[in-house]
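Visitor: Please take one part of this model and go through it closely. I would like to know what lies on either side of it, what covers it, and how the neighbouring parts are arranged.

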Amino acid sequence: MKQRTLVVVSAGLSQPSSTRLLADRLSAAAVTAAAGLGVQLSVQVIELRDLAHDLMNHLLTGFPPAPLKRALDTVESADAMIAVTPIFNASYSGLFKSFFDVLGQDALADKPVLIAATGGSARHSLALDHAVRPMFAYLRAVPVPTAVYAASEDWGGDESEGQLRGRISRAAGELAREIDRREPVTVQDPFALTTSFEDLLAGG
């Protein structure tokens, strides 16, 4: 069975939050879908709420505190990502955007991403396509075709829950197929020596 890593970025502000709940459902569905393709996913969750102060410090100083640096490295080294934001004023939250503002410019290049969002009303669902998807396209990620939006009413009643489950399952299947067809991500150490010490001496 192939081994791959999945990072889940949740920008929920409350504890518990519907954003984290959606993130957990999406990751569980992705793990199941990937297993059906012979891929074992190792899942790591990043709660941006816990990194809010570190993000502001990084934006002001240009240096990420250790917890934020670990989160950024986790995203860069992951084989795929699920990114979930609450929708405020018809767009992603400032906390969500700030995290991706400080990622390295190549961190998401060719990385499969499942985008999702939560909000109080179904009318905000278009924010996924007019705000969130273009941001990831700019970052050269590969958003899967199906984005998942969960409004408040999607969490209540059998019919709405069933529709949400269907969207989650479809999106998770798309993400799993993208993971399956790619080689695992390798991250180059920018400080690693590419020439042996002996060759360096000979060149001198």
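Guide: Two strands are taken as paired if DSSP finds at least two bridges between them. The part chosen here is strand β5, residues 112-119, and the model is a predicted one.

First, the setting. The protein has 204 residues, of which 46% count as buried. It contains seven helices and seven strands, and from the N terminus the elements follow the order β-α-β-α-α-β-β-α-β-α-β-β-α-α. Among contacts with a separation of 6 or more, 79% are between residues 24 or more positions apart. The protein exposes about 10600 Å², with carbon and sulfur atoms supplying 54% of that area.

Now β5 itself. Eight of its eight residues are buried, so the strand is largely enclosed by the rest of the structure. The cut-off behind this is a relative accessible area under 20%. In a regular strand the side chains alternate between the two faces of the sheet. In β5, one side carries Pro112, Leu114, Ala116 and Thr118, and the other carries Val113, Ile115, Ala117 and Gly119. Both faces are covered, since every one of these residues is buried.

The pairing partners of β5 can be taken in turn. With β3 (80-88) the strand runs parallel, joined by six bridges. Within this part of the sheet, isoleucine 82 stands opposite leucine 114 of β5. Strand β6, residues 142-143, also runs parallel to β5 and is joined to it by two bridges. There, valine 113 has proline 143 as its bridge partner. The pairing with β7 is parallel as well and has four bridges. Alanine 116 is matched with valine 148 of β7, and glycine 119 with alanine 151 of β7.

Strand β7, residues 148-151, is buried on both sides too: Val148 and Ala150 point one way, Tyr149 and Ala151 the other, and all four are buried.

On the β3 side, threonine 85 gives a view of what meets β5. Threonine 85 belongs to strand β3, and at 0% relative accessibility it counts as buried. Setting aside neighbours within four places in sequence, its contacts include Ala116, Ala117 and Thr118, which are residues of β5. Other contacts of threonine 85 are Ala11, Thr19, Tyr92, Ser93, Phe96 and Val132. Threonine 85 also lies 9.5 Å from leucine 13, C-alpha to C-alpha, although the two are 72 residues apart in sequence.

Two of those contacts, Phe96 and Val132, lead to a pair of helices. Helix α4 (residues 94-101) and helix α5 (residues 127-138) pack at an angle of about 5°, and their axes are 12 Å apart. That makes α4 roughly parallel to α5. The residues in contact are Phe96, Lys97 and Phe100 from α4 and Val132, Met135 and Phe136 from α5. By class, this contact has five nonpolar residues, one charged residue and no polar residue.

In α4, the buried residues are Leu95, Phe96, Ser98, Phe99 and Phe100. They pack against several elements, namely β1 (2-10), α2 (52-61), α3 (66-77), β3, β4 (91-92) and α5. An α-helix has 3.6 residues a turn, so residues three or four places apart point the same way.

Backbone geometry in nearby segments of the chain completes the picture. The loop between β3 and β4 holds asparagine 89 and alanine 90. Asparagine 89 is not a glycine, yet it has a positive phi of about 50°. Alanine 90 likewise shows a positive value, with phi near 65°, in a residue other than glycine. Their exposure can be stated as well: asparagine 89 counts as exposed, at 79% relative accessibility, whereas alanine 90 is partly exposed, at 33%.

Elsewhere, glutamine 15 and proline 16 are joined by a cis peptide bond, with omega about -5°. Proline 16 sits in the loop between β1 and α1 (18-35).

To return to the chosen part: β5 is buried on both faces, and it runs parallel to β3, to β6 and to β7.

Key:
Residues numbered from 1 in each chain as written. Predicted model: local features only at pLDDT ≥ 70, side-chain atom pairs only at ≥ 80, totals over all residues. Heavy atoms only, no water. Buried < 20%, exposed > 50% of the residue type's maximum accessible area, 1.4 Å probe, protein only. Contact = heavy atoms within 4.5 Å. Areas by Shrake-Rupley, 256 points an atom, 1.4 Å probe, with all protein chains shown as cover. Axes fitted to C-alpha atoms, helices over the stretch in contact; angles between N-to-C directions. Parallel < 35°, antiparallel > 145°, perpendicular 65-115°, else oblique. Nonpolar A, V, L, I, M, F, W, Y, C, P; charged D, E, K, R; others polar.
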